[in-house]
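Reader: I would like to go through a model feature by feature. Please give the general idea each time and then the case at hand.

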Amino acid sequence: MFDINKIRKDFPILERKITDGNKLIYFDNAATSQKPKVVIDSLVKYYENYNANIHRGVHKMAEEATCAYEEVRQKVKSFIGARNEDEVIFTRNTTESLNLLAYSLGELFVNEGDEILLSEMEHHSNIIPWYILRSRKKIKVKFIPITDNYELDYKSLEQLVTKKTKIISLTHKSNVLGTVNNIKKIAQIAKANGAVFIVDAAQSAPHLSVDFQDLGCDFLVFSSHKMCGPTGVGVLVGRREYLEKMPPFLGGGEMIRKVTFEDFTTNDLPWKFEAGTPNIADVIAFGVAIDYLQNIGLENIYKYECELTEYALDKLKQFDFLKIYGAKDCNKRAGIITFSNPVVHPHDIATIVDQYGIAIRAGHHCAQPLMKKLNVSATARASFYFYNTKEEIDLFVYALKKAFDYFAIGACNELIKGKINAKQNATTTR
Ligand code: 7TS
């Protein structure tokens with residue numbers, strides 16, 4: 001049963017007053033999510049009761065901490081439908097997981113003349129690691145275009161994949177457009193062409209039911225902090241066939257089996273890719289976040305966010321001068337609404353709604369190539385999570401109206417429209 005009032009009570013921060021007694025309305029969930037009290041409490045519990053380094057001590061607390069940490073690996077395995085625990089690797093975030101893959105897969109099997117296929121809707125985290133690889137090896141990085149309906153152009157994708165394509169790395173859900181890509185379909189294309197397929201699930205794992213095996217990709221990465229868990233924990237799920245052959249990304253303690261004055265051998269999976277003391281407390285609290293999300297149910301979360309998105313899109317229709325990006329169908333762009341207007345800068349919109357306690361994001365959203373494609377330098381973005389409400393959306397629309405009135409944006413746009421019409425009339429009568 002999805003009880004929004006009960007859910008909201010789990011998040012202490014939602015009680016915070018931001019400005020002039022205005023309660024926080026948090027619509028920046030694509031950047032990071034808020035944390036329920038159980039997650040916050042588990043951090044305190046760890047530090048107050050069993051703070052110890054893991055995998056190396058024989059004392060009681062070391063054992064307790066090791067067990068708690070490794071239990072989360074098991075939880076992640078079932079949450080994401082991984083095949084085995086040793087195919088679940090903890091990193092710092094999605095960005096680090098993607099850098100690990102670009103480095104390590106790059107070393108293993110990418111050679112001069114090979115191609116990496118990305119899309120126009122990628123976050124910088126899924127572009128820069130491949131550019132860095134390109135600077136080490138003479139390879140090409142290609143981008144699958146998006147359509148006028150802000151979806152991946154699947155026809156172009158099929159044309160762009162060739163026998164030279166070694167890796168396809170794509171976002172599951174765009175952090176700007178909200179578009180949810182058809183990963184199963186792409187996995188088949190990747191397989192048919194012998195390409196390794198990586199899925200960036202940073203925006204999908206928190207909001208929809210994601211099953212690694214069912215999707216059929218080779219690697220899947222995401223971050224704890226976007227799904228009610230703490231910052232500083234990322235996940236990389238992959239296939240052992242690759243992970244075993246891939247060279248380590250970072251060297252140091254934990255990731256070795258034996259070290260001599262001459263050389264070293266690597267540890268078993270997954271520890272081969274977890275050098276140094278990991279983020280123990282935060283991984284343990286991430287486990288609590290997973291339990292919390294599973295208790296609510298990812299299907300319920302997705303359904304509720306679709307409802308919120310549909311409601312917000314309907315309300316935003318009154319601002320006919322706004323350009324709203326993203327697929328028409330709410331199911332294809334759940335939870336994210338990105339918009340802009342030529343008269344007012346998105347930062348100004350975000351600053352004004354902030355006066356009403358409403359946190360939205362303005363800028364390029366770490367997707368500058370996509371901004372170029374959309375022909376803007378920045379946009380404003382409201383992104384929802386399951387603790388948001390329709391009442392909050394009403395207040396957001398009210399604050400937006402105030403912002404647009406302040407900038408007399410309606411009038412400006414009428415003026416612009418008027419000028420365009422006058423120009424068109426002049427051309428047609430000439
Ligand atoms: N991939 C996608 C699709 C993302 O949206 C983000 C972060 C990342 C990767 C990187 O995640 P990180 O945890 O390593 O930082 N997206 C955003 C955003 O939209 N606003 O702030 C961060």
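Author: The turns below go from the domains to the ligand and then to single residues. This is a predicted model, in which local features need pLDDT of at least 70 and side-chain atom pairs count only at pLDDT 80 or more, while totals for chains, interfaces and linings use all residues. Residues are numbered from 1 along each chain as its sequence is written, and side-chain values use heavy atoms, with hydrogens and water left out.

Reader: Into which domains is the chain divided?

Author: Domain bounds come from an automatic or database domain assignment. Here the chain is divided into domain 1 (4–30 + 297–413) and domain 2 (40–294). Their centres, taken over C-alpha atoms, are separated by 29 Å.

Reader: How many residues of domain 1 are in contact with domain 2?

Author: Contact means heavy atoms within 4.5 Å. By that criterion, 37 residues of domain 1 are in contact with 33 residues of domain 2.

Reader: Where does the ligand lie with respect to the two domains?

Author: Domain 1 and domain 2 both give residues to the shell around the ligand, so the ligand lies between them. A residue is near a molecule if one of its heavy atoms lies within 4 Å of it. The ligand is surrounded by 17 residues, and the closest are Thr95, Asp200, Gln203, Ser223 and Arg381.

Reader: What is the make-up of the shell by class?

Author: Ala, Val, Leu, Ile, Met, Phe, Trp, Tyr, Cys and Pro count as nonpolar, Asp, Glu, Lys and Arg as charged, and the others, Gly among them, as polar. The shell has three nonpolar, ten polar and four charged residues.

Reader: Which side chains have an N or O atom at a stated distance from an oxygen atom of the ligand?

Author: A polar contact is a pair of N or O atoms within 3.5 Å; within protein, one must be able to donate a hydrogen and the other to accept it, and residues adjacent in sequence count only if both atoms are side-chain atoms. An oxygen atom of the ligand is 2.8 Å from an N or O atom in the side chain of Asn175, and for the side chain of His225 the distance from a ligand oxygen is 2.7 Å. The protein covers 90% of the 490 Å² of accessible area that the ligand has on its own; accessible areas come from the Shrake-Rupley method with a 1.4 Å probe, and for residues only the protein chains shown count as cover.

Reader: Is Thr338 buried or exposed?

Author: Buried means under 20% relative accessible area, exposed over 50%, and partly exposed in between (1.4 Å probe, protein chains only). Thr338 counts as buried, at 0% relative accessibility. Thr338 lies in strand S14 (residues 336–340); strands (E, at least two residues) and helices (H or I, at least four) are DSSP runs, numbered from the N terminus. A polar atom of the Thr338 side chain lies 2.4 Å from the backbone oxygen of Val176.

Reader: Which residues other than glycine have a positive phi?

Author: Among them are Cys228, with phi near 75°, and Asn375, with phi near 70°. Cys228 lies in the loop between strand S9 (219–223) and strand S10 (234–238) and is buried, with a relative accessible area of 0%. Asn375 is in the loop between helix H13 (368–374) and strand S17 (379–383) and counts as exposed, at 68% relative accessibility.

Reader: What kind of peptide bond joins Leu269 and Pro270?

Author: The bond is cis, with omega about 0°. Pro270 is in the loop between strand S12 (264–266) and helix H10 (280–296).
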